[in-house]
Every structure is written in C-alpha cells, then in structure tokens.
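Colleague: I should like to learn how to read a sheet and a helix pair. Could you guide me, please?

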Amino acid sequence: MSSFHDAEGVSGRYLEALIKEAEIRSACVRGLGGEAVTLYLGGGTPTSLSEKSLVRLITEILKSFHVAHDIEITVEANPETLDYEKLRCLKDIGVTRLSIGVQSLDDLLLKKLGRSHSAYDFVLAFRRARAAGFRNINMDLIYGIPGQTVRDWNKTLDRVLALRPEHVSAYGLMLEEDTLLWHRVKSGFEAPCDEDLQIDMYYLAKDRLEQAGYKHYEISNFAMPGYESRHNTIYWKFEPYIGLGAGAHSYVNGERWSNLSDPVDYANSIFSRGSAVSEREAFSKADEMSTVMIMGLRMVDGVCDSEFSNRFGVSIDDAFGEAIGKGVALGLLEWDGTRLRLTKRGLMLSNEAMREFL
Amino acid sequence: MTEQVLDSMDLERERGITIKAKAVRLEYKSSEGKDYVFNLIDTPGHVDFSYEVSRSLAACEGAVLVVDASQGIEAQTLANLYLAIENDLVIIPVINKIDLPNADPEKVVRELQDAIGFARDEFIFVSAKTGDGVQEVLEAIVDRIPPPSGNKEAPLRALIFDSHFDPYKGVIAYIRIVDGHIAPGMPIKLTATGKEFEVMEVGVFKPDMDETEYLSGGEVGYVAAGVKNVQDMRVGDTITSAASPAEEPLPGYRKVRPMVFCGLYPVEAGQYENLRDALTKLKLNDASLVFEPETSVALGFGFRCGFLGLLHMEIVQERLEREFDLSLITTAPSVIYRVRLTSGEVVEIDNPSKLPQSTKIQVIEEPFVKATIITPSDYIGPVMEVCQERRGEYKDMEYLSENRVRLTYELPLSEILLDFFDRLKSRTRGYASLDYEYIGHAESDLVKLDILLNNQPVDALSSMVHREKAQERGKQLVEKLREIIPRQLFDVPIQAAIGSQVIARETVRAVRKNVLEKCYGGDVSRKRKLLERQKRGKKRMKQLGNVEIPQEAFMAVLKVD
C-alpha cells in the first residue's frame, strides 16, 4: 500500500478508496480459498495517518479478507511519526511488526540523505516501540553514502547491535534522480561512494550481523532466528499476493497486475469503475518458473528442489541445467542436489547468475 | 514535387549527398522557341566516388559546375573541375544558394576566377530553392554547350558509363551513344569481352526508365539485353553492332582499384550465408566493391572487403545492415601493404594479421596519397600540424584568394583512414575540405602492433603502425579498449605487443557488484526487464575465449587520438 502522505483532503478519499478496493478484491479471491497470512502497510508513510484512520483502515481490511489467526501485520514507519499513543493503538489493533526507516545512526549522514530525524530521535522512537510492546522490529539501513567511511559504517552497526532489533535490512545507496544528494553528486560537491568500498561495507555488515546471531536470509535482509519477514518471503517464493492502493502490484493465479500510480487517479478510478488496474501481464508456466528462480535465489538458503518440483512437476536441474552449470562454473551458484543457492561472492553478483534463468 | 528527386536512396536523402550518379533527360523550349533535349547526369562530389564523376564526364560535352555561395570552393570542387577540364568539356560556373543569409557570391567568383580564370560574365547566380537564375542556366546550356558531334550513320559506338542490375531484365547499362543508333532486336557486341547479345529494350531516364523505340547519336539512355552476368557488360566498355562492328572502341576507363579494406563478420555465425548473398547483390550495382572469404580466429567466418575509400566503406556497411537486416562486426580499415620478403618475393597484404614473420621481411611499402586541403588562411597552422602529426610531407601552398589557401601534402593513406578528416574538420571549425589521390607505394618503417586480451592475441585487432609511433599508439589503444570492454567476472589484462615485446598494458577490473538490492512484490517485472536487458546486451557481444567483447571494440583503433 502506498502514498499515505498526500495533499490535504486527498488522504481521506484515498483511504476510502483503499477500503473499497479491499472489499472488491476480497470478493474476487474468496472463491480461491486460502487465507491471508500477512498484511503489510508500507510505501509512503502509513504512520503519518491519524490513529483513527489507521484503526479504520486496518480493521476494514482485516474484516474484508479471510485472515489467519497468527497473521503477521507489519507497518512501515518513519521515526518522527511514532508517538507512544499511536504505537499503543497499532499494537492494540493487532500490528505485530514494525519496520522503521532509520537509514543511518549518524546525524551528518542523515542530513546528507535529507532525513528530518536525528539518530537520537530514532533511539527514542525505538524505545517507545519496545515500551508499547513491539517485540519484532526491523531497522532499514543504508550504506555507501557519499562521504561515509568504513569507520562510520562500523559505528552505525555498533549502535544497531546495541539496540538489538529483531530484523535488519541493509541496502547500498542508490542515488535517486532529482534528490538533493543526486544533485550534489552530479554537480561535484559530493563524490559518489566507490563500488569496492560499498561492497566492503556489505560484507562487513554481513560478518558483524552474523557474528551477533542474525541470520543472513536474503541478499539485503538479516533476522534473529524465527523473525524473518513472512510477508517478504511470499514475494521471494513468488507465492500469490494482493497489493492495494496506488501503484500497488498483485500476483494471483498466474496473473500480475499493477494499479495506477497517481493517488488521485487511483481513487477516482476505484470509485468510478471499481478497479484501478493500469497494467496486466499473464505469466506462463515458463515465466513463473524463471521468476521463482530469480526471486528465490535472493534467499540465502536458495531454492529448494523438492518445493520446486512439487509446484511445477519438474526438478530444478531438469528445467535449468544449463543456467545452473554456468553459474556454478563461474563460482556464483552452489548446487548440492537439493537446494540451489548463491555463493557468498554470488550475492553481490546475483544478476550475472539470475539472467541465465530467463 | 518530391525534393531530391535524383538522390533516391534513403542514405542519400538522409545525408544530403549523392552516392550514385543519376542520368535524366529533360526537354526544353528555349527563349527563341526552339526545342532541345538535354541529357543530364548528376554526379557525386566526394573523393571516394571521383571515378563515377570521371566516367560521367567522359559521356558529356559540357559540365555545370555548381558551387555553394556560402561555402565557397572546396578541395573536391577543384578536383572535379580539373577532371572536367581534362575531358575538354565546356564549363558553366554556377553559384548556388545565393538566397542564404551568409552567401558571399562575389567572393566565390573571385576564388573561381583565381583558380581557373573564368571571365566575369560567365558566372550565373542561382537559388535552386527560389528558382532564381535557373532559366539562365538552361539558356546557357543551349548557348554554350555544343551539340553532340557523333555520326548517326556510322556503326554503333556507345559508352557504358554506369549500370544497375534488374532481377527481371538483367544488367541495365547506362549508355551514351556516340555514333550510330541502337534499337530492340539488334545484335550487339561488347568490345572488351567480345560477348554478343540481342537488345531487348532501350529507353531514356525521365528520371525513371522510360522505354523508347531507339536511341541515336548524342543521346543518353539505357539498354537491356538480358545479360545475367555483370562482368559481361562492364562499365567503361563500348557497345557496338555485332553485324557491323566499329573499328575503334571508345577510350575506356581505368579499372577502379579498391584502396581500403576491412573484415566484415556476421555477429551471429548463422548469418554468414546471408552476408554472402547480400554482398553479391550489392556488387551487382557497385562494381567497385570487392570481397573474398576470410577467416579470423577471433571472429570466425567473414569476408575481406575492398572499398574505394572510407565513405564508400561506411555506406556499404550501412546498406548491408539496413537493406539486408544484418548485424555486422567491422574490423578497422587497412590499406594494401606491399611486402618484399628476404626471398625476393613480393606479397600484397590487405590485412595486418596476415603479415609474414618479421624475420622474413626485407621491406614494407605502404600507399601514399597527394592530399589537397583547402582552408581559410586562419587555420594554416592547425592544418599543417595535423598533417605533420600524420607523417605528412609538405609539398605546396597557394593562396586561392586573400583568405583561402590550398595546401598540398603527401601522406600515407593509412593515416588518412585514421580519423584524419574529422580531426581536420575539428581543428578548422569545419572549414577545411580534403581531396586526395593515390600516388604510389613507398617504403616505410612499419611494424605490426598486436593486441592481447586475457593473454590471447586477437587477430582482428592487429594493426600496422610506424615504428616511431608504435609506443604511443599501443598505449592509446589499450586505454581505449579498457574503456570499451565491459567489466567481466574476472580481471582482463589488455596488452599491446610488437612481436613478443609488450609495450603497453591495462586491466579491465573484474565486476564485483551486479545486484538489485531491493526487490519485493512490486519489483518483479522491473527485475525481469533488467535481467532481460542485460541478457540482450550480452548477446550482442562477441565471445573470445571467456572474454566478451562489444562490436565497437574492433573499430577502437580508429577512435584513439
């Protein structure tokens, strides 16, 4: 779900459109059986909604779908939007997991990234979340920020490990066009992070988090045992999901679709024609198989051959023998006859191996 | 009316140039009320195609010299003008584009007067765009150019000045009838080959082919005689009557000799036969194109092709890719080297990788050209600099007007192939023009520069360089290749070597990162597209051992400065 922070007056209407889309979608998928095992509110900043709106949104969505009793409900948040009352309220309506976009615990780097919170703001928010009862918190981190040194990154990791969140996502910085930092780099005020340095930082985070007991379970994700994101694992296993809201993507029954990305167009379209789908794409069995490999190899444990053959009626090496052979020869893949996974080196070179599965 | 009626090839229209000469017949009623028929031939101007110009001029009585009023005369203007004078043609100097804001017709007149000595009143000022002065040109043709002098009663003599191949009618020869006449049903004989055919069709160009009953003395038109083999009806040959052949053939042309060679290889090995068919088809209409099969360790099966010059080479490549939908790898162009071996034998080498071992070589000779460069006098210094950098030897300098100069240099042709014209243009803000002609082979101190990728020599990247420049060029070349060759999964050393001695080295560092770090439910399509794009990029590369090389790497030698 996305785009909660809209111009005044839009968010109310947008919220109603979301609720309506949930109702319509649930009616469509009810016939398929099964139940919703996860709910994820993210994209934009859902916590910028008022408590009242958040409660209404989540309860309406839960009402619409068949929901598992142990559903994982994640809400994405920025540190500055998390006051104690809101946290309590989220906890009360059943939110089980928080994902906080902290990016860094270095004030200078946060400023460079154009973030309005400080490292201290985050620590306070994190403590409030613990106090409100959250026992499953993710911290989103960014490394490879222009000017960032290995020492800076170590310091941020020190602070993260001191807080001991259950889950950590770490991404190398991608300079998004037209951001402040992008302009500063373009105009030469800031030197972009050297690729080798960025890779060193990646493997440094991997080593330190693993030493501290985190399991590296996806290219960019680490979790204490049992705290892997169940929601994101659905994406990486390429199992069915429904996305609600502007720009949201869904994958159900071999078909992918995405909604209009503009929130106003999205809401108008939901109210006028009961759907905001802008693009549809049918996935053949071959597309699905290759996507299962491409997405599945993101997981550090890789793709399980028996799961794959149960799903498709063919083993991984019968379907992709050539791609496997090539990846193994290049030292990017490991294949033990039951699981196919990326090697440590292959993690940062995964595209080189994955494209052979297309 | 369509613009650029005679430049009908897409390439000609896009580039605004004439590649192939075109004939057209024009009926004209003069101001005195008399009817005339003009047989006109539009010719290319570029130095590569001067043979087309000279052939066309041999078929004419006069020439209209059209000079751009804003550009003034260029090196090739003079080259073509001298050709016309050698052919004893009446020349009508026309200054065109006088409507342009920066036109300076008077200056151009002075330049032409100084160069050739035209009288002031010979000039006609024209804007082809507005139509100004066009009438005067047509009147001048009537007044100044003599009618054809041939004898209509004498035995047939017709000069073939061009041809094209028609899949139904066979060879269509473009002819100028000098004596006699030609008509369908008539048995004809080709003087050079001695072959005989029966005329099926004759006609004129209007500008499309327009069938007529016959062609007679002085006329320009075409003849089709069911000739299936282009070699049987060669450009420059004389057609005569098989029944009563003329005693003397017309003076022919010197056979054109390709000056520039390169390897053409299909990107996908499966396209080799298609490439052969395409070259064969192009050759039907372009006798100056030569090709023969060639094998490269790096590139597999392809063809060594010979061209008149760089523009000709570029045009052929582009036509192969466009008209025949081929994807090609082109190696850097080479000239013909004449190698005298210690055994006394002399061999001609058009591909540096074929050079014999250095211990067996006594002397290497390379082709030299006389280059004429016309430039505003402000740029004499830079022009001389470029020529000197390219091993040029100064011959002459002459002022065409107070601020335009003609410089003459002798240069190795190979230096001209290396981006010479572009450099000349960039150092003179685009004002310099160039014309050159082959003057002969001469000895040079040349060595073969080899390139090794991942410690393996790549034959298609070998080039001949002057010994004194080898070090520098080797360095530039490996640097350029480092930029062009994408990072692979391992370090790729690039070396330049003369024999076994490595003179320059660079390394393409291994790629360490190629990953989409954030990839969730909304990123599936984006991820697939990214990988598909990468996969396509890979496909376009040539695999040498385990190194992947993009096509443009093989032209890198042209791009160093």
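Modeller: The sheet comes before the helices in what follows. This is a predicted model, in which local features need pLDDT of at least 70, side-chain atom pairs count only at pLDDT 80 or more, and totals for chains, interfaces and linings use all residues. Residues are numbered from 1 along each chain as its sequence is written, chains are lettered from A and ligands numbered from 1 in the order in which they are written, and side-chain values use heavy atoms, leaving out hydrogens and water.

Colleague: In what order do the strands of the sheet in chain A lie?

Modeller: Strands of a sheet pair through backbone hydrogen bonds, either parallel or antiparallel. Here, 7 strands of chain A form an open sheet with mixed pairing, ordered β1-β2-β3-β4-β5-β7-β6 (strands are DSSP runs of E, at least two residues, and helices of H or I, at least four, numbered from the N terminus; pairing requires at least two DSSP bridges). Its edge strands, β1 (36-41) and β6 (215-218) of chain A, each pair on one side only.

Colleague: How many bridges join β2 to β3 in chain A?

Modeller: There are 4 bridges between β2 (residues 67-77) and β3 (residues 97-103) of chain A, and these strands run parallel. A:Glu76 has A:Ser99 in β3(A) as its bridge partner.

Colleague: Which residues of α6(B) and α7(B) meet?

Modeller: B:Leu275, B:Ala278, B:Leu279 and B:Leu282 of α6(B) meet B:Val316, B:Arg319, B:Leu320 and B:Glu323 of α7(B) (contact means heavy atoms within 4.5 Å).
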